[in-house]
Amino acid sequence: TLLGCRELPSTLAKNLVTLPLQRRENLFQNHDLPVFRISNLASPGLLSWVKKNQIDLIVNLGIRKTYPKELLQAPKLGCITIHHGVLPRYRGKFCDLSALLEGKSAGFSIHVL
């Protein structure tokens, strides 16, 4: 049993079932910010959109995909990736919990590319 984590399974299930994607999309659309979905970060449409709109910075908040080199180089200032684990040792979905179970500090890793 994880002390202090009794509600973890129900919270994870709730987050998976009620993922607020539509709510986030509505927020963007209400502020006239573009929203489009892609299935592949190597999509030519995404790269051309970043270049056409002269995007300054891409911030990755947990997308578990590898960014193509062309996309990483497209923004003027580059890309920042924020990962909820101390890399390289703690990675994956429950990296912070794994660290705590081992008695280690949990934290974030930030990469500037």
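In what order do the three strands of the open sheet stand? The order is E1-E2-E3, and the pairing is mixed. The points below take the sheet, some of its residues, one helix residue and the salt bridge in turn.

1. **Confidence.** This is a predicted model. The protein chain has a mean pLDDT of 78. Of its residues, 79% reach 70 or more. Confidence is lowest in helix H1, residues 8–17, where the mean is 62. Helix H4, residues 69–73, has the highest mean, at 91.

2. **Sheet layout.** Three strands make up the open sheet. Strand E1 (57–60) and strand E3 (109–112) stand at the edges. Each has a single partner strand, so one side of each is left without a neighbour in the sheet. From one strand to the next, the twist averages 10°.

3. **The E1 and E2 pairing.** Strands pair through backbone hydrogen bonds, in either a parallel or an antiparallel sense. E1 and E2 run parallel. Four bridges join them. Ile58 has Cys79 in E2 as its bridge partner.

4. **The E2 and E3 pairing.** Here the sense is antiparallel. Strand E2 covers residues 78–83, and its pairing with E3 extends over four bridges. Two residue pairs can be picked out on the model. Thr81 stands opposite His111 in E3. His83 stands opposite Ser109 in E3.

5. **Thr81.** This residue lies in strand E2. Is Thr81 buried or exposed? Its relative accessibility is 19%, and buried means under 20%, so Thr81 counts as buried. Setting aside residues up to four places away in sequence, Thr81 touches Asn60, Ser109, Ile110, His111 and Leu113. His111, one of these contacts, is also the residue opposite Thr81 in E3.

6. **His83.** Strand E2 also holds His83. At 17% relative accessibility, His83 counts as buried. Which residues does His83 contact, leaving aside its neighbours within four places in sequence? They are Tyr90, Arg91, Gly92, Cys95, Gly107, Phe108 and Ser109. Among them, Ser109 is the residue that His83 faces in E3. There is also a distance to check against Leu61. The two residues are 22 apart in sequence, and their C-alpha atoms are 6.8 Å apart in space.

7. **Glu25.** Away from the strands, look at helix H2, residues 21–30, where Glu25 is found. Glu25 has a relative accessibility of 12% and counts as buried. Apart from neighbours within four places in sequence, Glu25 is in contact with Val35 and Arg37.

8. **The salt bridge.** How many salt bridges does a search of the whole structure find? It finds one. Asp56 and Lys76 form a salt bridge, and their closest N and O atoms are 3.7 Å apart. Asp56 lies in the loop between helix H3 (44–52) and E1. Lys76 lies in the loop between H4 and E2. The pair therefore ties together parts that are 20 residues apart in sequence.

9. **Exposure of the salt-bridge pair.** The two residues fall into separate classes. Asp56, at 41% relative accessibility, counts as partly exposed. Lys76 counts as exposed, at 58%. The cut-off for exposed is over 50%, which is why Lys76 gets that label.

Notes
Residues are numbered from 1 along each chain as its sequence is written. This is a predicted model: local features need pLDDT of at least 70, side-chain atom pairs count only at pLDDT 80 or more; totals for chains, interfaces and linings use all residues. Side-chain values use heavy atoms; hydrogens and water are left out. pLDDT is the predictor's confidence in each residue, from 0 to 100. Helices (H or I, at least four residues) and strands (E, at least two) are DSSP runs, numbered from the N terminus. Two strands pair if DSSP finds at least two bridges between them. Axes are lines fitted to C-alpha atoms, for helices over the stretch in contact, and angles run from 0 to 180 degrees between N-to-C directions. Buried means under 20% relative accessible area, exposed over 50%, partly exposed in between (1.4 Å probe, protein chains only). Contact means heavy atoms within 4.5 Å. A salt bridge is a side-chain nitrogen of Lys or Arg within 4 Å of a carboxyl oxygen of Asp or Glu.
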